[in-house]
Every structure is written in C-alpha cells, then in structure tokens.
Amino acid sequence: MRQNGGFPPFGEPGGISLLDVPPNAGALLRWAAVFFFVIIAIFGINYARGVYTDWLWFNSEGYLGVFRTILLTKVVLFLIGATLFGALAALNLWVVRHASRGPFLLPIPLETQELLDRLLKGSTVLAVMVIALFFGMAAGGKWEIVLRLANGVSFGIAEPVFDRDISFYVFTLPFVRYVQGWVLGAAITLIFMVTVAYLAYVVFRGLPLGVSPAMRSHLAVLGAVVFLSLAASHYLDRYDLLLSRNGAVYGATYADIHARLMAFVVVAAVAVAAGVMLLATLSPALGGRRGNRLIVGAIGLWVAAALLGGQIYPSLIQRFSVEPNELEQERPYVVENIASTRAAYGLDRIEQQSYHYQEATLDDVKGNLETVNNVRLWDPRPLLDTYNQIQHLRLYYRFRDVDVDRYVIDDQYRQVLLGARELDPENLAADAQNWVNRTLQYTHGYGVAMSPVTEFSAEGRPAFFIQDIPPTGGIAVTQPEIYFGENTNGYVIVNSLQPEFDHPTREDIPIYVRYQGMGGVDLSSFIRRFAYAWQFADINILISDRVAPESKIQYRRNIQERIRAVAPFLLLDRDPYLVITEEGRLVWVQDAYTVTDRYPYSTPFTGAFTGHSLNYIRNSVKVITDAYHGTMEFYIADAQDPLIQTYAGMFPALFKPMEQMSEDLRAHIRYPEDLFSVQAQAYLQYHMTDPTVFFNREDLWSIPNEIFGERQEQPVVPYYVIMRLPGEEEPEFVLILPFTPAERPNMVGWMAARMDGEDYGRLLAFQFPRGVQLDGPIQIEVRINNDTLISQQFTLWNQQGSQVIRGNLLVIPLGDSVLYVEPIYLQATTGVRLPELKRVILGTTRRVVMEPTLDEAIDSLFGRTPATGTPTPTPGDTEAAQQLEKIRQALQSLQQGFSTLEEALQALEELFAVEPTPTPTPEGAGS
C-alpha cells in the first residue's frame, strides 16, 4: 500500500487490474460448465418424465396417435430451430474470432492469456447453447401452425382485394409471418451477440475501444438481413390490411386500398434499398465516415418512408378524399364487410320471418299447452342453491352446476333441470383430511337430481323426477358413480387395497366398491409409481403399502382439462352438461368450437369468449365423456367447416362422423348457448344488409336488460324453451333471445335456434311489425315495480328477515302472441341459502299479475284456468294453500277499501275546495 493509505493506480505493478485472474480460474470455469450441464440435465430429465407420463396417459385414453403426432412435430421443429440458430451463431462467432486474431498487448503471462482465451470460448459456447435452446423451444411451440399449413383445406371463398382464398390467411400467412419473425429475431440476437463478442476480444486483448473495420462490416451484413426481413414484413402487411380496422368497417377500406397498400410496397422497397446501402459499406471506397453516413442515411430513409407512407399519406387521403363523401367511397368495402361477417358467424344461414303479433288471449294459452306446461319457473342459479341444501345429503357431496335439457317422461316431452352430485373432498371433516381418504377412499361422486322446470310444492320446493341416494324416480340410473366431471380436479388412485367409498344407505351404512371401469393408468411397476410421485410431488404414491400392482391412477379427471389435453386447438363452451342415456349411464356433452381471428373483412366479436380473439366460429365438434370410464369421443358436428376438415387431416384417428353417435345421445344434443350469444351479438348490427342503412346505423338493435336477483339490472341471457314455432305443427326444444332497438326499451324481434332432429342448427329470426308497440323485458320489469300489490308484497317480505330474489324474465312466444313470465323466490337473509319459489308473475303488454301458481296466474290474467296439466300442490299442502289464498283475498279487499276511501276524500276535497291531505297506507296493505 502507498504511504497515504491508498492503492496503487490501475495498471501499475502491484495495482488492481480487470485481467488479474485467480490461480484456480480454470477449475472455476470447469465447475461452471458442470453446473450448467447439471441444470440442463435436470430440465431434460424432468421433460422426459413428463413425456413418459403423458405417453402412458394418452395410451390409456386411446389417443396415443394424437400425442405422437404433436410430440414428433414439436421435436422436429425444436431441432430445426435450435440447430439452425446454433449454426448461424457458431458461424458468426467464428468470423468474430477469426477477425479478432492478434497478440495480447497487455503484459500478462502466457498461461493467463490461454486461460482467458478458454474462458471466452467456453462462455461463448454456453451462451450459444442457451439461446439456441430458447429458439428451438419457440419453434416447437408453433407445431399447430405447421400442421395446419401441411393439412390446410380450401374455404372455397376468395377475398376481393388479392383474390386469395380465405385459407391463405388462416393457414399460410401465419406460417410465413412466423418464419419472417424468426429470421428478424435471429438477426437482432446475432447483432447483440456479435457486438458483445467483438468488445470482449477488444478488452481481453487490451486493444483500444472502438469499432474496427471488421466489426463494422460484420454488423453491416447482419443489419442488411434485418432490413430485408423488415421489407418482407412490410410486404406482408398488405395482406394484414384485410384483418385490421382503419376506416369505417373492419377490413381494408378506401384509404387502405388507395394509400396504405402502395405505401407498404414503397416502404418494403425502401427497406430493401437500406439493406443494399448497408452492404455497400463493405466496399473499401465507402469506408470511414462515408460508410457511417451511409448507414445513418439508410436507417433515416427507412424511418421517413415508414412515417410518410404508413401514417401521413393515408391520413391525408382519409381526410381530403374519404371524409367529404364517406358513404360513397366506403360503400364497396361496407358491402364486403357485411357479407364476410355474416358468413364467418353463420348469420347468412338465418331464416328471417315476420311475426304477426296480436295480444295474447286464453285461446293462445289453450293452443300452446306444451309450451305452458314447460315454462321454466326454476332458474338454474336459485335451483343450484336449493339442490345443495336438500339434495347434497352429505357434506362431502356438492352440486356444481344445474343444466337444462329435455326428456320424454310418461310419454310427454318435458324440459328438465339436471345436476350431478359430485364429490367435494374439501368438505370432509377435519379429522378425515388425510391422504388415504382423499386419494384412495373418497374417489367419486354419486348420482344426480332432476327436476321439471315448472312444478313446485306449496312450500316452494322443487318437484323431482330423480332424487336421493341411491337415485330414485321415473328415469333409471344404472351407473351413478361419477369419477370424471366438473368438480373432479385432483388425482385419485382406484383399485387399491383400501376399499373405495361408494355411497351411504338411508340407514347411514357405508357401501364400498371396487372400480370396474377403463379409466386410469396402471401403476404396475416401480418406474411408473416413481414417475407419478415425481409428477405430483407426492412420495405417498411411491411408498404407500395401500397401492397395489393392479391399482390405477386417475388424473385430468376434469372433463374440460381432459379434452384440452387431447385437443388443445379446440375452444370449449363454458357449460358442459350431463345426459342420462337409455341404458342409465351418465355421460357429459361438451360443445367445442373451431375458431380463427384471420377471416378477412369479418368484424371480431367475443361474446361469451372473453379473452379470446375471434372473427370466425363454428360449433364443429361434440365431445362425449363417460362419467364412469372417462372415455372421450369426438364427433364432427359440422362437416362443412374447413377448419375441422383440416384438424381431421392432422389427426385422422381422433374424430368420428356425427352419424356414428347413437340416436339416444343425438336426442339430447343442444345448440350451445355461448355460440348463440356470439351470433346474437353480431346479429344486432349485421341483420342490416343494406350498406346505407348499415353505415348510418339506422336500425341498430341491442340485447334488452332485465332485473334479476336482488333488483340487479343485467342483460337478458339466451334461454331454452319447449314451444311450437310459428308455422310448425309440433313443439320442439329451442334456444331464444329477444331483441330491442338500440337505446330504446320496446321489443323489436327475437331469434331462435332449433335443435331437434333434422332441424338441428337452423336459425330463425322473427321481427315484429313496425309501428307496433311491444313492451321489452325492462318495461315489464318497470310495470312489475309500479304494480301496487306486487311492490307492497315485495316490501313486506324484505322487512321480515327474508329476501326477494327475482328470477329471469322470460319472453315466451305463443303462436302470434307473447307471454311474459318471471318467477319470484324467497330466501332468508341469514343462515343457509335455500331459495323457495313463492310466486309466479305473468304478463301481457296490457297488465301483469302475481299469483302463487302458474295456473292461478293464468286464471287471474285471462279470467279462468285452462287445463294446462300443470301439477297442483300435493294433498298435504292443501291447508297451507287455502290459508295463503285467504290471506291474499283479505289483503286485496283491504286494498280495495283504501282505494274507495281515497275516492271519497277526493270528492270531499272538490266539494270544500281544500288542499288534499295524503292518506297513509298501512305497511303491507294490499299485499
């Protein structure tokens, strides 16, 4: 140390130097390499374990061919991506090393020089390997794009700008875009790597910092590759104009065709010229400052061209050529947007009809008894709470969802609500929360509950077609065990030495079973048990003496998780539903969609698919999953869809034609609500086919609002009904949704999706006559609120420890008329959630009534009760019903008395000409 206490200056003998190398640096470098390869090995072994367990799972499900196709494609793309980038990186770094040869100028020993050289080479190799792995994984992740390109099917429709088939945009363009993006990303990465390598050699050899001629030439070549890649990107941007919104509608419009289209060609040419200019700097005549100015000029020229051509010039065309006469300039593009959007969402298949409306009468009710007998008074959400109180039967059971379907019961076509009683192991008692119980003993749910949508007791409880454990009722359930469902999220092991709990008897005696199904992977070897113990981070799988060679591990038991594992390219409907087959088996039906966001000129709508970008959708697949065996069958529901034809070419053993589905199951196929919602959202605007009307938004519609639950306003959701459509002879199961004009509450029409027999998938749109005032749902809700008797009854209930829950307001077409129905539930404000159906509100455009039953509401609305066939309260409920009726009549009499008193007071006020004094109405009067 110096006398002043400081350290010697940098570079002096005894001073500090960045090139001072510890004597064990070589060993450290070797250990670093060992550490790196150990990390890579761990990830590799874990990946191999995942491949092994997935191989076992796909093999057990019968879809090993699907897994092999995807895996092989991923591996090939990974090898191509990693090898190609690795080769490019190695070539460029070899050039760097060759160009940077020279003596070390720093006074350091030869051994240190060699060590630094090895350190530089070793770190370079490691860096190349790591980055090549990332490029390989990125390439492997594009397996679907590659397979779709190889198996793409023509749409048979050409867009009007470039006259290319839609398949070019869906299958070819994404692949070309990926290749262009890969080249651009690789070139930019190589520029960074090369720059770092050159500077490293400069520092390690003690050369003065700066850009050497070799470095500048090398970077110029890579920069030229970047500009050529950008030129390709600009050229491809021409096609993306058909998938963008810069003008009046989605897709290429006037300014795009007359400005941006040519601008992209010019900018692409400028980018090529910039790349050539960079290559020109390789000439010795353009070295030094002249070369630097040329590089700056090339970059500046490209930036200026991109700004002028991509932004400024199109904006000028839009402002001075389009806006003064926008409709006429944009008309052909509006026409194309309308046609493409309607085709992409299937709106061009909608059959439009006029609805000759007339006020509902008792004759309309009599003529549509099948509809009236199936009016949905039980909404799925309140009924779900009721099921979970009166039908879960044990704490470890839970109903997760209630679905709407139709069955023939006692020779009658009935609409029903059906829920699966699934296992909820989280609700096991605290002292029963152990691995044996959760994994080996409590393995499955049991049975279902089914209710008619219309019937209820005097206490407001649902009637049942199927109930209790074991299931009893009018429909036989021969295999009630539910190993695969909506709430089966964990893994279980079946056929272990631990007896499986099946169900309790009514005497609370547990019944145990042994799994006889096909679901699960055999744990017949130590390697399999070790692999799954690793996968689930659970050593009990490996060490438990309860796990036998014949045991099977079941995982991916959630039906949507299972389907996504086999067919990740399908978009799934949010609501799978349960079906009871003729043999009494329980199967799940899952609607699946083929979608893309690359259909030219089609406007994107998300509807129920929040977070997904799409402008084309088809319900092309129905997936049937057995609740006991877990087997999955993929049926093609729309064979005309080019996307599903492409996927069938990718995986020929995966899909089956719809004709192979049993007639029993086909009778329960529904038109999916999520698809209907997207189509309805698009139809609000795209029912207008005249370009002038469309452009001016002259007939824009909206989805009406209703009051649901605790007086919360929400959009009306599509709902299933059994009804006889206008002009049809027989009632059928349909999905309907009313429409209102934009910003107005009155009803303008409704849309229906048919799904019975050969009519499956047919869409109908009915429009009410113009000039006819027909109340929309929110107007009926306001009339309900304004009705003195109804509002007072609501107030009385809400003040007595109860809470009024308003159900969905249903608009039910009856012949040429319309009936409005809203169920009213009552629920305690404290304690358990047990909604009870207490009233039925029935209405027409003239009046609304609220009565204890549907028959009484019809009687009150039309004057007498028709023979609807709606079941009346049971004999045990007669006395309670009579008391309720007496109370109702007394309250009505009291209300009439107060009305008479008010009239008398008004007469006195007129007689004596004094200010009227309001007469308070006692709380609850008239209710």
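Q: What share of the 927 residues of the protein counts as buried?
A: In this predicted model, 52% of the 927 residues count as buried. A residue is placed in that class when its relative accessible area is under 20%.

Q: What makes Glu-61 a buried residue?
A: The relative accessible area of Glu-61 is 13%, and the cut-off for buried is under 20%; Glu-61 is therefore called buried. Glu-61 belongs to helix 1, which covers residues 25-61.

Q: Which residues does Glu-61 touch, leaving aside those up to four places away in sequence?
A: Glu-61 touches Arg-562, Gly-630 and Met-632. A contact requires heavy atoms within 4.5 Å.

Q: Why is strand 5 described as largely enclosed by the rest of the structure?
A: Five of the five residues of strand 5 (residues 448-452) are buried, so the description applies. Both faces are covered: Val-448, Met-450 and Pro-452 are buried on one side, and Ala-449 and Ser-451 on the other.

Q: What makes strand 3 and strand 5 a pair?
A: Two strands pair if at least two bridges are found between them. Strand 3 (residues 412-423) and strand 5 are joined by five bridges, so they satisfy this criterion, and they run antiparallel. One of the bridge partnerships links Val-416 with Pro-452 of strand 5.

Q: How do you know that helix 19 is mostly covered?
A: Twelve of the 14 residues of helix 19 are buried. Among them are Asp-674, Leu-675, Phe-676, Tyr-683, Leu-684 and Tyr-686.

Q: How does the reach of helix 19 stand against the expected span?
A: Helix 19 (residues 673-686) reaches 19 Å from its first C-alpha to its last, which is close to the 20 Å expected at 1.5 Å a residue.

Q: Which elements each supply at least two residues of the lining of the largest pocket?
A: Strand 2 (397-409), strand 17 (616-626), helix 18 (663-666) and helix 19 each do so. The largest pocket holds about 1,000 Å³ of space. Its lining comprises 41 residues, and those closest to its centre are Met-658, Ile-669, Met-755, Gly-757 and Tyr-760.

Q: What makes strand 21 and strand 22 a pair?
A: Strand 21 (residues 705-708) and strand 22 (residues 712-715) share four bridges in the antiparallel sense, and the criterion is at least two. Asn-705 stands opposite Pro-715 of strand 22. The hairpin has three residues between these strands, and Gly-709 takes a positive phi near 70 degrees.

Q: Why are strand 9 and strand 12 called edge strands?
A: The open sheet has three strands in the order 9-13-12, with antiparallel pairing. Strand 9 (492-494) and strand 12 (521-522) each pair on one side only, and they are the edge strands. Strand 9 is joined to strand 13 (residues 552-554) by three bridges, with Ile-493 opposite Ile-553 of strand 13.

Q: Where is confidence lowest in the protein, and where is it highest?
A: Helix 24 (residues 878-912) has the lowest mean pLDDT, at 54, whereas helix 17 (residues 642-650) has the highest, at 98. For the protein, the mean pLDDT is 87, with 88% of residues at 70 or more.

Q: Over which residues does pLDDT stay under 50?
A: It stays under 50 over residues 1-19, for which the model has 19 contacts beyond four places in sequence. Over residues 912-927 pLDDT is also below 50, and this stretch has 25 contacts beyond near neighbours in sequence. Where pLDDT is low, predicted coordinates should not be read in detail.

How values were computed:
Residues numbered from 1 in each chain as written. Predicted model: local features only at pLDDT ≥ 70, side-chain atom pairs only at ≥ 80, totals over all residues. Heavy atoms only, no water. pLDDT = per-residue confidence, 0-100. Expected span 1.5 Å × (residues − 1). Buried < 20%, exposed > 50% of the residue type's maximum accessible area, 1.4 Å probe, protein only. 1 Å grid on protein atoms, 1.4 Å probe; cavity = no way out; pocket = protein on both sides within 12 Å on 5 of 7 lines; lining within 4 Å. Points joined across faces, edges and corners; volume = space filled by probe spheres on them.
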